Amino acid sequence: MSKNDLLTDLNLETLRIVPTLYEKMPDCCLITLEGYLDTYNSQTFKDKIMELFTGGFNKFIIDCQAVKYISSTGVGCLITILKDIRVENGNLVLIKIPDEVYQVIQILGFSKIIKRFANLEEAEVNFGLIENSFSFPAIAACPACHKKHRVTHAGRYRCTDCKIVFSVMENGDIIRQGASS
C-alpha cells in the first residue's frame, strides 16, 4: 500500500479529517480538521493518524482553522499521538488554531508540548524546511545614508543622521517611506 492510498478523507458525525501529502516534505502529511475533537471521535482521529504514521508519514501539520472545539479528551489524544510518534522521531504541530480552542490546551498545561504556529511557513521553519534567517532585535541600515540602527521590532524608524523615515518589515526588508518603487 502506498502513502497516497492512505490519504482518504474521514467524515465523522462531528469531525472531518482531510489528510493530504505535503509536497514540500514527502514524509509530511497536512491534515485539515473541521468540527469538534472530543470524546466521541478522538479515538478514531488517533487511529487515522497512527495509520498514516505506520504507512510512512512521520511529520504531521494539523490545520485547525475550522476546529470549533477541543475537549480535554481531544487534547489527551494529541498528547498520546505525540508520545507515540516521537519515539520513532515523528512530530506533530498545529497551525491556524483559533485562540479560544487553543485556550483549552493552555488551561490543561500542554502548550509547551503541543507546538502551535500561525501558518504553514512557520511550521516549515520548525521542521527545518526553510531557514528563518532574520529575527529581532537586528541592525538595519538606513536606505539613504546607510547609517546602522538597532531595531527591536518591525515598524517605522527615522534615521538619526539624514532624518528619512524607513520601515523594517517582519522578514527584515527595509523600505524607504515616501520613495516610489
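## A walk through the strands, helix α2 and the salt bridges

Start by selecting β2 and β3, a hairpin with six residues between its strands. Keep in mind as you click around that this is a predicted model. β2 covers residues 15-21 and β3 covers residues 28-37, and the two pair in the antiparallel sense over seven bridges. For a landmark on this ladder, show V18 as sticks: T32 in β3 stands opposite.

Now step back along the chain to β1, residues 10-11. Three residues make up the hairpin connection from β1 to β2. The β1-β2 pairing is antiparallel too, over two bridges. Pick N11 here and you'll find R16 of β2 opposite. Keep R16 displayed, though: salt bridges that share partners join D9, R16 and E34 into one network.

Next stop, helix α2. Select residues 42-54 and put a distance between the end C-alpha atoms: you should get 18 Å, which agrees with the 18 Å expected for 13 residues at 1.5 Å a residue. Which residues of α2 are buried? Colour S42, F45, K46, K48, I49, M50, L52 and F53 to see them. To see what surrounds them, bring up α1 (3-6), β1, β2, β3, β4 (59-70) and α3 (72-86), against which the buried residues of α2 pack. Just past the end of the helix, click G56, where phi is positive at about 120 degrees.

Time for charges. The model holds eight salt bridges in total, and three of them make good stops.

- **K59 and D27.** Zoom in on these two side chains, which form a salt bridge at 2.9 Å, N to O. The partners come from distant parts of the chain, 32 residues apart, with K59 in strand β4 and D27 in the loop between β2 and β3. How accessible is K59, buried or exposed? K59 has a relative accessible area of 18%, so it counts as buried. D27, at 22%, is partly exposed.

- **K46 and D84.** You already coloured K46 among the buried residues of α2. Its side chain meets that of D84 in a salt bridge of 3.7 Å, N to O. Because K46 sits in helix α2 and D84 in helix α3, the pair ties together parts 38 residues apart in sequence. The relative accessible area of K46 is 18%, while D84 comes out partly exposed at 30%.

- **R116 and D99.** Jump further along the chain for a salt bridge of 3.1 Å, N to O. R116 belongs to strand β6 (residues 115-117) and D99 to helix α4 (residues 99-107), so this contact ties together parts 17 residues apart in sequence. R116 is partly exposed at 34%, and D99 is exposed at 52%.

Finish at the open sheet of three strands, ordered β9-β10-β11 with antiparallel pairing. Select 155-158 for β9 and 174-176 for β11: both are edge strands with a single partner, so one side of each has no neighbour in the sheet. Look across the strands and you'll see the twist, which averages 30 degrees from one strand to the next. Then select β10, residues 165-168, which is joined to β11 by three bridges. What is the bridge partner of V168 in β11? Click across from V168 and you land on I174.

Key: Residues are numbered from 1 along each chain as its sequence is written. This is a predicted model: local features need pLDDT of at least 70, side-chain atom pairs count only at pLDDT 80 or more; totals for chains, interfaces and linings use all residues. Side-chain values use heavy atoms; hydrogens and water are left out. Two strands pair if DSSP finds at least two bridges between them. Helices (H or I, at least four residues) and strands (E, at least two) are DSSP runs, numbered from the N terminus. Axes are lines fitted to C-alpha atoms, for helices over the stretch in contact, and angles run from 0 to 180 degrees between N-to-C directions. The expected span of a helix is 1.5 Å times one less than its number of residues. Buried means under 20% relative accessible area, exposed over 50%, partly exposed in between (1.4 Å probe, protein chains only). Contact means heavy atoms within 4.5 Å. A salt bridge is a side-chain nitrogen of Lys or Arg within 4 Å of a carboxyl oxygen of Asp or Glu.
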